2 protein chains.
Amino acid sequence: MDTENEAVDGIFRALADESRRALLDTLFARNGQTLGELCEGRGMTRQAVTKHLGILESANLIASVKRGREKLHYLNPAPIHEIGERWISKYERARLEALFDLKKALESDND
Amino acid sequence: MDTENEAVDGIFRALADESRRALLDTLFARNGQTLGELCEGRGMTRQAVTKHLGILESANLIASVKRGREKLHYLNPAPIHEIGERWISKYERARLEALFDLKKALESDND
DNA sequence: TTGACATGCAACCATTTAGTTGCATATAAG
DNA sequence: CTTATATGCAACTAAATGGTTGCATGTCAA
């Protein structure tokens, strides 16, 4: 697997967890939140959230900067855009054709 | 998490594994392959492939029909399309704004 | 009918993962 | 200076995951 695909892999793995998608959602609603803020109402410890944020940051889905004793987190939607462009749109091309194949296969199953 | 989000979760989890994305790719290249065909050159046992296909089928990313003693597998790109429409495009809206926030934050970090 | 072929099912194993607890460090405030 | 606040780091645990082996079942072909 080459470097580009490893990046894709990291993004998909990061997105595979509901808690992490919820974190992205929270930053989508209001960007630039601190770790403390991102922990609120999430039903897990700060350390767990830290780990999730680390995974998101490794996948380049968020970036963080320190301001004094707090750490601010910013959404980076670029990788999501890449997935849409390079991966999802590829299957878009096959959509109608695949549906046709599927329909045909199901019909011949009823013979 | 409601039913719709559980579906989204299943799709993302299914897509999180490289082997499963490779299986989708194989069906993308040629639709309607048997289990045996899908096992070729994959460096894992047939049972492992069966499990992957099961996960993909649970996520509705593939459908299968039996033809005699073989099982044919068909790509279903609809859930991928959904992810693109309902999830990815949402972050598309925030893309330029988020990049601006990020840039601003990095600048003030250099003060 | 018998044998070969395609697939199904279940138990088991190793690793990864999501979460925890406990403690350390750094910065802001009084 | 001292204390409270915000975060960092490491060890540990339980459960999920990806994979295996072994055997059972069903279907085609001679």
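**A sheet in chain B and a helix pair between chains**

In this predicted model, chain B holds an open sheet of 3 strands, paired antiparallel in the order S1-S3-S2. The edges are formed by strand S1 (33–34) and strand S2 (62–67) of chain B, each of which pairs on one side only. Let's look at how S1(B) is attached: 2 bridges join S1(B) to strand S3 (residues 70–75) of chain B, and these two strands run antiparallel. If you want a spot to find on screen, Gln33(B) has His73(B) in S3(B) as its bridge partner.

Now add the helices around this sheet. Helix H2 (residues 18–29) of chain B packs on the sheet and touches S1, S2 and S3 of chain B. The direction of H2 makes about 90 degrees with that of S3(B). Helix H4 (residues 46–58) of chain B lies across S2 and S3 of chain B, and runs at about 120 degrees to S2(B).

From here, turn to the place where helices of chains A and B pack together. Two packed helices are described by the angle between their axes and the distance between the axes. Helix H5 (residues 78–93) of chain A packs with helix H5 (residues 78–93) of chain B at an angle of about 155 degrees, and their axes are 10 Å apart. Angles over 145 degrees count as roughly antiparallel, so H5(A) and H5(B) are roughly antiparallel to each other. Their crossing is left-handed. Among the residues that make the contact are Ile80(A), Gly84(A) and Tyr91(A) of H5(A), along with Ile80(B), Gly84(B) and Tyr91(B) of H5(B). By type, the contact residues divide into 8 nonpolar, 4 polar and 2 charged.

Note on methods:
Residues numbered from 1 in each chain as written. Chains lettered and ligands numbered in written order. Predicted model: local features only at pLDDT ≥ 70, side-chain atom pairs only at ≥ 80, totals over all residues. Axes fitted to C-alpha atoms, helices over the stretch in contact; angles between N-to-C directions. Helix = DSSP H or I, 4+ residues; strand = E, 2+ residues; numbered from the N terminus. Parallel < 35°, antiparallel > 145°, perpendicular 65-115°, else oblique. Left-handed = near helix turned anticlockwise from the far one by under 90°. Contact = placed C-beta atoms within 7 Å. Nonpolar A, V, L, I, M, F, W, Y, C, P; charged D, E, K, R; others polar. Pairing = 2+ DSSP bridges.
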